[in-house]
Amino acid sequence: MSLLTAAPPEILPFALALVVPRLPKRVGAAIAVAASLATCGWLLLVPDGAHVPVVLFGFDAVLFNVDAYSRLLGATFGLVAAVAVAYTVATDGDRRQAALALAYVGAGMGAALAGDWLSLVVYWELMAVAATVLVWHRTSDRRAGFRYAVYHEVGGLALVAGVLLHYAEAGTFLFGDGVTAGLPALLVALGIGLNAGFLGLHVWIVDTYPTTHVATSVVLAAVTTKVGAYATVRAFPDGHVALTYVGAAMVLFGVTFAVLQTDVRRLLSYHIVSQVGYMVAGFGAGAGLARSGAMVHLVNNILYKSLLFMVAGVLVHRTGRESLKKLDGIGRAMPRTAAVFLVAALSISGLPGFNGFVSKGMVIDGVEATGPTLVWYGLLVGGVGTVISFAKFGYYAFLHRTEGGSGSGRAVSDRDEARGERAPADLDPLELATLGGVAALCVLFGVVPSLLLDVFPPAVVADAKPFSPSQFQKAGAVTAAGLVGFAVLRPLLARIPPAPDLDSVYHPAGRALQTASVGVAGAVEDTTNRAGGVLRRGVRTALAGEPDAPSPPALDRASRTIGLGVLVIALALALLLAVLVL
């Protein structure tokens with residue numbers, strides 16, 4: 001065993017999570033950024049095929065498994081940890097928030113490097129716990145954090161049930177030829193699909209990400225859905241035609257709803273659904289080019305989607321406005337922010353010279369070669385919708401000025417000017433270094449794609465032709481159609497309100513479930529208290545003959561009842577798990 005494989009790399013983010021809260025804010029952040037970047041380099045140096053077998057809970061497991069897929073994702077998460085900490089400090093996040101982000105990324109890194117289903121499930125649940133606490137730490141809607149926890153516990157239970165059924169059939173938790181077909185595969189797909197944001201299971205993304213602290217949105221967008229997408233290649237290494245259709249549906253649904261949004265982070269959240277759809281379709285196609293393209297697209301998406309959320313966070317942090325139409329052409333006051341946004345927008349739209357152009361082209365070509373033709377058309381149409389939505393984002397946020405507006409993100413009145421009100425400040429040095437570094441990688445991987453492609457065996461990416469004439473033609477046609485589409489639709493988009501999503505059905509049902517569970521919990525608590533009171537009085541009388549002593553001050557009833565309500569839900573879900581497994 002070499003020094004590089006003596007321990008799994010995720011121990012470093014976990015260790016940093018313990019250290020950072022105990023150090024001065026900027027000192028701890030500097031150490032965390034340097035160590036996270038070192039972790040990224042660590043994974044790039046580990047030899048192919050390296051693995052660390054262990055015994056976990058009495059079963060064979062592999063905590064450190066290195067191949068092209070785990071190396072790319074693990075190293076990217078090292079970069080994410082560094083960016084998350086730096087951006088948290090830049091946007092006035094506290095030390096605890098930075099520590100929680102490190103723990104969350106560490107759990108994601110552990111899931112990426114797992115070589116068996118048992119350890120993956122352990123890290124999967126650690127991700128859910130860390131993310132829930134991170135969301136609750138600073139959020140404008142604590143109910144969204146509660147829903148986040150419930151969604152991911154349901155998904156985790158489905159994944160655990162599928163893995164246990166797979167173990168009953170295969171006799172091992174180690175990764176092999178995929179999950180056993182039938183009910184195990186269906187349950188694993190359901191559990192993975194909730195994390196990845198499969199259509200119908202995506203509501204938690206657009207419910208949670210717009211309500212958290214802006215730095216939390218960045219790290220959430222970079223990890224949870226990407227681990228879910230990555231897990232599909234472990235569960236279905238040969239692909240599955242159903243996944244290609246699911247991916248195409250995610251692409252089309254996500255861009256359609258994104259175009260209709262005015263809330264900046266909700267728009268970006270729908271694009272998470274859409275972009276993960278490209279990955280799912282590529283992994284579902286199963287061919288070498290489509291699968292490797294999906295993995296490269298996953299890494300590229302982490303970069304430009306993190307950059308987009310950071311831009312949105314800067315806008316929200318500076319102006320206090322979440323609506324695109326209230327930013328009032330802020331580009332003149334914030335040119336550096338506008339320039340960084342342009343890099344991210346061109347990357348996600350797949351224009352030549354940017355990383356999305358390379359990986360999106362690989363996925364589309366791979367699906368064209370092996371996947372259904374209908375899916376191929378769906379991916380192309382999704383590209384047009386992406387251009388439309390980011391043309392809308394850029395136009396309203398940085399260019400469009402309302403009547404009487406100042407171009408500074410809001411209309412400044414004479415009274416405001418008399419009070420010394422100023423236009424929002426542009427990126428400060430720390431923000432510029434953080435956002436600019438990620439933007440540089442988006443360009444670098446678009447101009448020199450071999451930096452990512454060379455991680456794969458040559459035979460896997462032999463059909464990749466990122467700079468062939470056909471790629472430029474497709475990108476040009478998609479971009480032109482998107483820009484024309486925005487020009488035509490802009491008057492209509494200015495009047496259309498955001499369309500309702502499935503949360504308009506799920507949330508009332510969830511509130512009914514919560515009310516019922518809290519009611520059951522309250523009844524259980526009342527019965528227990530009455531029985532306990534009778535028992536206490538009887539014991540005192542029998543043993544001491546003393547009159548009833550006053551009871552100790554009661555705990556807050558609402559807190560106890562809600563806690564019992566959560567327990568009731570957990571017991572109900574555990575019963576469902578037992579039924580599925582037994």
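Which residues does Thr224 touch, not counting residues up to four places away in sequence? In this predicted model, Thr224 touches Tyr104, Met127, Tyr148, His152, Asn195, Trp204 and Tyr209. Thr224 is found in helix 9, which spans residues 214-235. With a relative accessible area of 1%, Thr224 is buried, because buried means under 20%.

**Core and aromatic residues**

Val223 is in contact with Phe77, Val80, Tyr104, Val105, Gly108 and Met127, leaving aside its neighbours within four places in sequence. Tyr104 and Met127 thus appear in the list for Val223 and in the list for Thr224. Val223 also belongs to the largest nonpolar core, which has 177 residues; Val223, Phe77, Trp117 and Phe393 are those with the most contacts inside this core. Helix 12 (residues 288-319) gives the largest share of the core, 19 residues.

The structure holds 18 aromatic pairs. One of them is formed by Phe59 and Tyr167, whose ring centres are 5.4 Å apart. Their planes stand at 85°, so the pair is edge-to-face, the class for angles over 60 degrees. Phe59 is in strand 2 (residues 59-65) and Tyr167 in helix 6 (residues 142-170); the pair links distant parts of the chain, 108 residues apart. Phe59 is partly exposed, with a relative accessible area of 30%, and Tyr167 is partly exposed as well, at 27%.

Tyr148, Trp204, Tyr209 and Phe309 form one aromatic cluster. Of these cluster members, Tyr148, Trp204 and Tyr209 are touched by Thr224. Elsewhere, Lys325 lies over the face of Tyr396, at 5.6 Å from the ring centre.

**Salt bridges**

The structure holds 7 salt bridges. The table gives three of them, including the N to O distance and the sequence separation.

| Acidic residue | Basic residue | N to O distance | Separation in sequence |
|---|---|---|---|
| Asp48 | Arg71 | 2.6 Å | 23 residues |
| Glu431 | Arg318 | 2.5 Å | 113 residues |
| Asp426 | Arg336 | 3.9 Å | 90 residues |

The side chains of Asp48 and Arg71 meet in a salt bridge. Asp48 lies in the loop between helix 2 (25-45) and strand 1 (51-56), while Arg71 lies in helix 3 (residues 68-90), so this pair ties together parts that are 23 residues apart in sequence. Asp48 counts as exposed at 57% relative accessibility, whereas Arg71 counts as buried at 7%.

The side chains of Glu431 and Arg318 also form a salt bridge. Glu431 is in helix 17 (residues 429-447) and Arg318 in helix 12, so the pair ties together parts 113 residues apart in sequence. Glu431 is buried, with a relative accessible area of 1%, and Arg318 is partly exposed, with 22%. Helix 12, where Arg318 lies, is the helix from which the largest share of the nonpolar core comes.

Asp426 and Arg336 meet in a salt bridge through their side chains. Asp426 is in the loop between helix 16 (414-418) and helix 17, and Arg336 is in helix 13 (residues 335-349). At 12% relative accessibility Asp426 counts as buried, while Arg336 counts as partly exposed at 40%.

**Cysteines**

How many disulfides does the count come to? The count comes to 0 disulfides, by the rule that a pair of cysteine sulfur atoms lies within 2.5 Å. Cys40 is buried, with a relative accessible area of 17%. Cys442 is buried too, with a relative accessible area of 0%.

Terms used
Residues are numbered from 1 along each chain as its sequence is written. This is a predicted model: local features need pLDDT of at least 70, side-chain atom pairs count only at pLDDT 80 or more; totals for chains, interfaces and linings use all residues. Side-chain values use heavy atoms; hydrogens and water are left out. Buried means under 20% relative accessible area, exposed over 50%, partly exposed in between (1.4 Å probe, protein chains only). A nonpolar core is a set of buried Ala, Val, Leu, Ile, Met, Phe, Trp, Tyr and Cys residues joined through side-chain atoms within 4.5 Å. Helices (H or I, at least four residues) and strands (E, at least two) are DSSP runs, numbered from the N terminus. Contact means heavy atoms within 4.5 Å. Rings of Phe, Tyr and Trp (its six-membered ring) pair if their centres lie within 6.5 Å; planes under 30 degrees apart count as stacked, over 60 as edge-to-face and the rest as tilted. A charge sits over a ring if NZ of Lys or CZ of Arg is within 6 Å of the ring centre and within 35 degrees of the ring normal. A salt bridge is a side-chain nitrogen of Lys or Arg within 4 Å of a carboxyl oxygen of Asp or Glu.
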